[in-house]
Amino acid sequence: MCSTESRSGGKRRRSAWGTDANATLDRVAAFFTRVWAVIWQAGVSFDREAGTRQAAQLSFYLLLTLPALLLLAVWILSNIFNEPGIREDLISEIVANLPLTEVEGRQEVTDFLDGLTSGAGSLGIITAAILLYSSSSTVGAMRHAVVTANENGTDGPPFPKNKGLDIVITLVTLPITLLLVALSISRPLANAVDDSRLLSDLASVFGGPLAIGLLGLALLSWMFWVLNPGRSDWLSVLIGATAATLLVTLVAFGLSAWFELSGGGSAVYGFLAAFIGVLLFLNLASMAIVYGAHVAAAIRSKPWVPAG
């Protein structure tokens, strides 16, 4: 460090790069002050608006709509790629991404999903439309969480307009999710296009954990933006979605480590341990998503700015 004379005659510390060290420290301190203000404001809002109850509602609808979403996914992918093994690969991909590495009952989950989707490839248009309507309930639960997190207390659209928007949002997000699933299960995709080298390379790149995380970030950003009843800017929704994505990732790794070390309680619950693990993951992940919505709202409210 070196020092220079200030205009008032005092000395200011300067770093080795010639920058004002005090000013740099002030900027760093201001940054962390803003970060803490957002974390605190989001936590207070999360508690005030019963965020755990919102998360329980979201996880409940996720669990209820999983069969409908799975049937839709099998129906769409089967008709696109015309590959007999796509159902098994899709189920394997879902089970592989659950944080249940050492839990007994994993096979029971696989058998349950296999029986659920048996014959899904032959669904009709009317049945698919009914499944789409049912699947939009998750978006509705997500909408309620985002609306209650809104910093201005703005209400969302009334029924039936809100249900129509939920269906449209489901229609927009489902193809993107299915695209990632198709790239993740590379065997049926490669077979469908005669082992195309290009698509095999795409599957290896975009089917990895990083790509899944980035897609999750994009989907949450989109949903935080479109479901917010007030004005939104992309910076706030991106920060909120980033916080939610990181927390969901932390939950997944944390539960995986816990199940690996403890066996996930399989000695006590037997084959039910896997289902209990799925419920626990959905609830904690939903809490992370709801908290992310409150982070986005806190960014918009600027809690670091003094009142008045």
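Among contacts in the protein chain between residues at least 6 apart in sequence, those joining residues at least 24 apart make up 75%. The model is predicted, and the protein chain contains twelve helices and two strands. Along the sequence, the two strands precede the helices, in the pattern β-β-α-α-α-α-α-α-α-α-α-α-α-α. The chain has 308 residues, of which 39% count as buried. Its accessible surface comes to about 17000 Å², and carbon and sulfur atoms account for 66% of that area.

Confidence varies along the chain. The mean pLDDT of the protein chain is 75, with 60% of its residues at 70 or more. Helix α1 (residues 21-48) has the highest confidence, at a mean of 89, whereas helix α7 (residues 186-192) has the lowest, at 47. The pLDDT is below 50 over residues 186-194, a stretch that has 16 contacts in the model beyond near neighbours in sequence.

One cavity of 30 Å³ or more is present in the structure. The volume of the largest cavity is about 50 Å³. Its lining consists of Val-146, Ala-149, Asn-150, Phe-224, Asn-228, Ala-293, Ala-296, Ala-297 and Arg-300. Two or more of the lining residues come from each of α5 and α12 (272-301). Helix α12 provides the largest share, four residues. Sorted by class, the lining of the largest cavity comprises six nonpolar, two polar and one charged residues.

The second largest pocket holds about 290 Å³ of space. Phe-31, Arg-34, Val-35, Val-38, Ile-39, Leu-235, Ile-239, Tyr-291, Val-295, Ile-299 and Trp-304 line this pocket. At least two lining residues are supplied by each of α1, α10 (234-262) and α12. The most, five residues, are given by α1, the helix in which confidence is highest. The class composition of the pocket lining is ten nonpolar, no polar and one charged residues. Helix α12 thus appears in the linings of both spaces, as the source of four residues in the largest cavity and of at least two in the second largest pocket.

Individual positions in the helices were also examined. Ser-45 is found in helix α1. Its relative accessible area is 7%, under the 20% limit, so Ser-45 is classed as buried. Leaving aside neighbours within four places in sequence, Ser-45 is in contact with Ala-149 and His-294. Of these partners, Ala-149 is also one of the residues lining the largest cavity.

Asp-166 is located in helix α6 (residues 161-184). This residue counts as buried because its relative accessibility is 5%, against a cut-off of 20%. Residues up to four places away in sequence not counted, Asp-166 touches Ser-136, Val-139, Gly-140 and Arg-143. One of these contacts, Gly-140, has its place in helix α5 (residues 125-149). Gly-140 has a relative accessible area of 23% and is therefore partly exposed, a class that lies between 20% and 50%. The C-alpha atom of Gly-140 is separated by 9.2 Å from that of Leu-227, although the two residues are 87 apart along the chain.

Positive phi values are found at two residues that are not glycine, Ala-50 and Lys-302. For Ala-50, phi is about 55°, and the residue lies in the loop between α1 and α2 (51-81). For Lys-302, phi is about 50°, and the residue lies in the segment after α12. Lys-302 is partly exposed, with a relative accessibility of 43%.

Terms used. Residues are numbered from 1 along each chain as its sequence is written. This is a predicted model: local features need pLDDT of at least 70, side-chain atom pairs count only at pLDDT 80 or more; totals for chains, interfaces and linings use all residues. Side-chain values use heavy atoms; hydrogens and water are left out. pLDDT is the predictor's confidence in each residue, from 0 to 100. Contact means heavy atoms within 4.5 Å. Buried means under 20% relative accessible area, exposed over 50%, partly exposed in between (1.4 Å probe, protein chains only). On a 1 Å grid over the protein atoms alone, a cavity is a set of points where a 1.4 Å probe fits but cannot get out, and a pocket is an open set with protein on both sides within 12 Å along at least five of seven lines; lining residues have an atom within 4 Å of a point. Grid points are joined across faces, edges and corners, and a volume is the space filled by probe spheres set on the points. Ala, Val, Leu, Ile, Met, Phe, Trp, Tyr, Cys and Pro count as nonpolar, Asp, Glu, Lys and Arg as charged, and the others, Gly among them, as polar. Accessible areas come from the Shrake-Rupley method with a 1.4 Å probe; for residues, only the protein chains shown count as cover.
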